[in-house]
Amino acid sequence: MDFATALQILDSTVRLSTPLLLACLAGLFSERAGIFDIGLEGKMLMAAFFSAAVAFVTGSVWLGMLAGIASSMALSALHGLASITFRGNQLISGVAINFLAAGLTVLIAQDWFSQGGRTPSLIGQARFEPLTLPLADTLQTVPILGPLYHELISGHTLPVYFAFLCVPATWWILYRTRFGLRLRAVGENPAAVDTAGISVIGLRYAAVAICGLLCGIAGAYLATALQAGFIKDMTAGRGYIALAALIFAKWRPWYALMSCLLFGFLQAVALRYQNIDLGPVTLPVQFMDALPYILTVVILAGFVGRAIPPRAGGEPYVKER
């Protein structure tokens, strides 16, 4: 593998890990507050459709982004209503959201655009354009560091930079602010938080809202930056991989970044090498496509160790009277 090929794979790793990272951080906020969210996949899918649809109709990627965030937060509100207010089973609520999004997006897309459950291709201002960072072109000729800066760091769309900035921001919010301390306490011992006169329900709804916001950005990125429109089931299990990355990271922001980059790297390798000739055996393209999901199971089964979720996770809080 030459240097140029390695740069291309790493560049693809950054782009492919962005939706995983946003969804992983979304799940981190929600689960740290004690609300398990299997519905990351559905929120991303719904946001991807509405962002692409509105961006195509209006010609504005920012209006598309807002529509995607709004649709994702609506599903988050539904999940919060079911699991926090009505104290329903959080896993069943999340699975229901996934099924709802999978069917509803195709139904609405077919009704609006009549293109087999997809939106028309996005062009111009309806898509996020790559950003060229300062001095990227000037430093391109510098050996090693120049191509790294020009190809790997510069040239990405705005949501990519936002996603990576979210990692230190999430760490600061969770571990250096009063809100973060209370959020983590709600996931560990909600009764103690309630005794201190702090609203457990309010904090959990705030966490669910943040989850919806980040999932909305992840879905909008898929449809308006990584690809040029919405297609059926375009999330392709990314929500579930983000959950796996979250468990692999043991609910910590910096570890979440590393685990998402790992899964993004596996996807980049699968896209780059469609068939691998190992002499007597040739690995087919189907195996390479399935490789990220196979290694997800292998990593979770054998390399995570003991991952302890928040103690009050998945349990509805009943206020003592």
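This report covers the salt bridges of a predicted model and the packing of two of its helices, H6 and H7.

## Salt bridges overall

Side chains of opposite charge can pair when their charged atoms come close. In this model, 3 salt bridges are present. They are taken in turn below, with the accessibility of each partner.

## Asp11 and Arg15

Within helix H1, which covers residues 3–32, Asp11 and Arg15 are 4 residues apart, or about one turn of the helix. The two form a salt bridge, and their closest N and O atoms are 3.3 Å apart.

The partners fall into separate accessibility classes. Asp11 has a relative accessibility of 17% and counts as buried, because the cut-off for buried is under 20%. Arg15, with a relative accessible area of 30%, is partly exposed.

## Asp37 and Lys43

A salt bridge also joins the side chains of Asp37 and Lys43, with an N to O distance of 2.7 Å. Is this pair buried or exposed? Lys43 has a relative accessible area of 0% and is buried. Asp37 is buried as well, with a value of 1%.

## Glu188 and Arg311

Glu188 and Arg311 form a salt bridge in which the closest N and O atoms lie 3.2 Å apart. Glu188 belongs to helix H7 (residues 178–188), while Arg311 sits in the segment after helix H12 (285–302), so the salt bridge ties together parts of the chain that are 123 residues apart in sequence.

On the H7 side, Glu188 is partly exposed at 30% relative accessibility. Its partner Arg311 is exposed, with a relative accessible area of 60%, because exposed residues are those over 50%.

## Packing of H6 against H7

Helix H7, which carries Glu188, also packs against helix H6 (residues 158–176). Two packed helices are described by the angle between their axes and the distance between the axes. For H6 and H7 the angle is about 75° and the axes are 5 Å apart. H6 is therefore roughly perpendicular to H7, because angles of 65 to 115 degrees fall in that class.

Which residues of H6 and H7 meet? From H6 come Ile173, Leu174 and Tyr175. From H7 come Phe179, Gly180, Leu181, Leu183 and Arg184. By residue type, the contact of H6 with H7 comprises 6 nonpolar residues, 1 polar and 1 charged. Gly180 is the polar residue, because Gly counts as polar, and Arg184 is the charged one, because Arg counts as charged.

Notes:
Residues numbered from 1 in each chain as written. Predicted model: local features only at pLDDT ≥ 70, side-chain atom pairs only at ≥ 80, totals over all residues. Heavy atoms only, no water. Salt bridge = Lys/Arg side-chain N within 4 Å of Asp/Glu carboxyl O. Buried < 20%, exposed > 50% of the residue type's maximum accessible area, 1.4 Å probe, protein only. Axes fitted to C-alpha atoms, helices over the stretch in contact; angles between N-to-C directions. Parallel < 35°, antiparallel > 145°, perpendicular 65-115°, else oblique. Contact = heavy atoms within 4.5 Å.
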